[in-house]
Amino acid sequence: MVKANWNSRTKHDLIIEVWEDLDCESVGARELEQIQQALREKFGAGALASPASIARTVADEGAVLRHPETFECDVKWREQNLKRWEFREGLDFSDLLSAFESVVKLEEKRLQLQADN
């Protein structure tokens, strides 16, 4: 997949367009990463979707998912992205109170990122 001029105007449509262009019987890590690359090239890093989200989109369109591979790809992607969050060390989900405080921190960070666009 080297196509650079995708016709789609939305993330959803681009995901489907790239998947159709891949012409594969099933979808796993390699295909999900290629779709992510197309999203990054077309719409920028901020438009990147998780492998699980992409997998759900193509599955809704009839793709057969290689579930263990899809799950591993998503976990790997999420772990890599969590490392980029400077407040990651401050999150604790070991008990209900700590989990609540961690969710509040995440929400505050989400609102900050949203405001920063």
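Six salt bridges are counted in this predicted model, and a walk through some of them shows how particular charged side chains are paired.

A good place to start is glutamate 31, which forms a salt bridge with arginine 30, the closest N and O atoms of the two being 3.2 Å apart. Glutamate 31 has a relative accessibility of 4% and therefore counts as buried, since the cut-off for that class is under 20%. Arginine 30, in contrast, has a relative accessibility of 49% and counts as partly exposed.

The side chain of glutamate 31 also meets that of arginine 66 in a salt bridge, with a distance of 2.8 Å from N to O. Because glutamate 31 belongs to helix α2 (residues 29-43), while arginine 66 sits in the loop between β2 (64-65) and α4 (67-82), this pair ties together parts of the structure that are 35 residues apart in sequence. Arginine 66 itself is partly exposed, its relative accessible area being 26%.

A further salt bridge is found within helix α4, where aspartate 74 and arginine 78 are four residues apart and are therefore separated by about one helical turn. The closest N and O atoms of aspartate 74 and arginine 78 are 2.5 Å apart. Aspartate 74 is buried, with a relative accessible area of 9%, whereas arginine 78 is partly exposed, with a relative accessible area of 40%.

Beyond such individual pairs, salt bridges that share partners join Arg30, Glu31, Arg66 and Glu69 into one network.

Conventions. Residues numbered from 1 in each chain as written. Predicted model: local features only at pLDDT ≥ 70, side-chain atom pairs only at ≥ 80, totals over all residues. Heavy atoms only, no water. Salt bridge = Lys/Arg side-chain N within 4 Å of Asp/Glu carboxyl O. Buried < 20%, exposed > 50% of the residue type's maximum accessible area, 1.4 Å probe, protein only. Helix = DSSP H or I, 4+ residues; strand = E, 2+ residues; numbered from the N terminus.
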